[in-house]
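Here are my notes on the model you sent over. Have it open while you read, and take the points in order.

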Amino acid sequence: MSASAVISALFRKELRSFLGNPTGYVFLTLFIVASAAAAFLTDSFFSRNLADLATLNRWMPAILMFFVPAITMGLWADERSTGTDELLLTLPVRDGEVVLGKFLGALGVYTVGLLFSLVNVVVLAYLGDPDAGLMFATYLGYWLMGALFVAVGMVGSMFTANTTVAFILGALGCASLVFAGTAPWASAIVGVVLLGALGALKWAVYFGRAASIGALLSAAIGLLLWLGGARLGLGTWFSDFFGSVGAPSHFASFGDGVLRLGDIAFFVGGTAVALYLCTILISRRHW
Amino acid sequence: MTKQDLSSRSVTIRAENLSKIYGDFAALHSVSFSVRQGTVAAFLGPNGAGKSTTMKILTGYLAATSGRAEVLGLDPGDPEQRIALARRLGYLPENGPLYADMTPRETLEFVAQIRGLGSSTPAAIRRVTEQCAIGEVMSKPVAKLSKGYRQRVGMAQALLHDPEVLIFDEPTSGLDPLQIREVRQLIRELGRSKTILLSTHILQEVEAVASEVIVVGEGRLAFAGTIDELRANSTVEQRFYELMDKKKKEAA
């Protein structure tokens with residue numbers, strides 16, 4: 001038995017589970033329709049008269065904010081509600097292998113959706129002459145941003161046995177990444193929420209219970225840093241810092257056809273951090 | 001099986017002062033017992049007595065708050081030893097949870113792949129299909145199977161790698177009388193070559209399949225020994241109620 005066998009078994013199981021289900025195809029169809037509508041059914045696409053996906057680039061983070069949690073909501077919530085997590089986690093598998101297998105399965109579903117959305121490029125090619133390099137960079141950006149959202153959605157699914165709640169938590173997590181950086185107040189609110197979530201996790205790891213106390217304390221510290229910092233003349237560093245976790249700003253370079261190492265590192269690193277959080281959350285059964 | 005026969009065998013499952021505390025609630029309170037190699041031990045107790053919690057700790061799904069568990073000389077609380085143990089252990093969790101959208105064949109293939117059975121997978125699936133009598137439902141989605149069949153598919157996945165130790169959490173729960181008889185017969189057959197710990201709250205089941213008994217009540221150990229020792233000039237039923245009354249008074 002090897003790690004790759006475990007990861008491969010889980011990858012195939014998740015892919016089959018989503019694509020073998022009519023609901024999965026409904027979500028995929030909605031994603032393709034929404035991306036095509038965002039790309040072409042806007043005035044700016046025709047007024048700009050350029051064969052690119054700039055209009056879709058603006059909307060993609062918001063579309064993924066809803067589409068990706070629909071993929072990830074059942075990853076853990078279903079396991080917990082049916083009790084299959086006990087079956088799975090008592091097989092000879094490591095927590096990290098389970099997280100990676102499930103992540104790759106969900107990423108596989110997203111990749112299938114993204115491949116279908118390549119029809120947008122076909123339409124562009126019919127209407128004009130899109131640049132192949134620009135299309136490659138744009139789609140790489142979509143894929144990396146989607147990978148980060150899948151990992152964040154998985155974290156949301158870890159907290160509950162209810163798929164609807166898992167969807168809402170996943171969408172809220174992704175919304176944080178979408179709205180951070182759009183305005184100073186939005187970035188600051190995202191910062192307060194993220195600090196609260198980290199506080200809850202830290203508190204639960206150390207004390208095994210009462211995560212809400214950790215969440216409230218950390219969120220209060222976040223508020224003090226935000227509001228107090230501005231009044232004490234420390235500037236807007238708090239909102240600036242959390243503004244830098246905004247996915248759209250890191251995606252922008254891909255949309256321009258540029259592959260910036262820092263932006264690639266942001267998406268890959270963010271995905272790794274979220275997957276690490278998932279591994280910690282799986283191990284909470286031992287707390 | 002006499003007590004002398006049992007004492008000559010090595011210990012396969014050992015629990016030493018196991019406790020599990022959730023907030024202010026103690027699900028298990030310093031429970032100690034051992035199960036010797038090649039015996040069928042029944043873990044007897046009413047609902048909520050701590051049977052499932054103990055089994056979750058022994059299989060490494062949960063960690064004990066304090067105390068020590070050991071199965072086949074391995075510590076299920078240690079991440080690496082848990083993996084080594086899982087390779088030699090078959091576990092049927094309570095209510096036999098399975099993936100509803102998979103067929104029994106897909107379920108067994110999935111478990112076989114995770115267990116790395118490789119080229120021996122078809123033979124292993126044929127063996128457990130026959131052992132658990134699930135041949136006629138192998139291609140039906142688990143969601144459409146009766147409780148009895150689902151329980152048997154759960155047992156089949158636990159037997160797939162021919163483990164040395166089996167832990168079954170209420171294996172006859174939800175089965176009809178005929179299915180119960182078949183499952184008990186299967187457990188007796190498996191007990192000839194394997195160590196089995198099964199939980200139940202059905203008193204007749206203990207006498208039907210087990211040679212050793214561990215009785216728990218209110219999260220505390222009430223008795224550990226052979227069936228004959230439990231009876232002690234009385235009936236299993238009578239002794240069980242006496243033990244439960246005693247534990248209730250202790251807990252109060």
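The points below go through each chain, one helix, and then the contact between the chains.

1. First, a caveat: this is a predicted model, so please read everything here as computed from the prediction.

2. Chain A is the helical one to start with. It has 14 helices and 0 strands, so if you walk along from the N terminus you meet α elements and nothing else.

3. On overall shape, chain A looks fine to me. A compact globule of 287 residues would have a radius of gyration near 19 Å, and chain A comes out at 20 Å, which agrees. Along the principal axes, its C-alpha trace spans about 60 × 55 × 30 Å.

4. How much of chain A is buried? The figure is 45% of its 287 residues. As for the contacts in chain A with a separation of 6 or more, 75% are between residues 24 or more positions apart.

5. Have a look at helix H13 of chain A, residues 247-255. Its buried residues are A:Ala247, A:His250, A:Phe251, A:Phe254 and A:Gly255. Viewed down the helix axis, these fall within an arc of 155°, so they line one face of H13(A). That spacing fits a general rule: an α-helix has 3.6 residues a turn, so residues three or four places apart point the same way.

6. What do the buried residues of H13(A) pack against? Their partners are four helices of chain A: H4 (54-82), H8 (132-158), H9 (163-179) and H14 (261-282). After H13(A) comes A:Gly257, with a positive phi near 85°.

7. Chain B mixes both kinds of element, with 10 helices and 9 strands. Its radius of gyration is 18 Å, close to the 18 Å that the globule rule gives for 252 residues, so chain B is as compact as a globular protein of that length. The C-alpha atoms fill a box of roughly 50 × 40 × 40 Å along the principal axes.

8. In chain B, 49% of the 252 residues count as buried. Among chain B contacts with a separation of 6 or more, residues 24 or more positions apart account for 67%.

9. Now for where the chains meet. The contact draws 23 residues from chain A and 23 residues from chain B. On the chain A side, the elements giving two or more residues are helix H1 (3-19) and helix H5 (84-89). H1(A) gives the most, with 5 residues. By type, the chain A side divides into 9 nonpolar, 9 polar and 5 charged residues.

Definitions and conventions. Residues numbered from 1 in each chain as written. Chains lettered and ligands numbered in written order. Predicted model: local features only at pLDDT ≥ 70, side-chain atom pairs only at ≥ 80, totals over all residues. Contact = placed C-beta atoms within 7 Å. Nonpolar A, V, L, I, M, F, W, Y, C, P; charged D, E, K, R; others polar. Rg over C-alpha atoms; globule rule 2.2 N^0.38 Å. Buried ≥ 20, exposed ≤ 12 C-beta atoms within 10 Å, placed from the backbone. Arc of directions from axis to C-beta.
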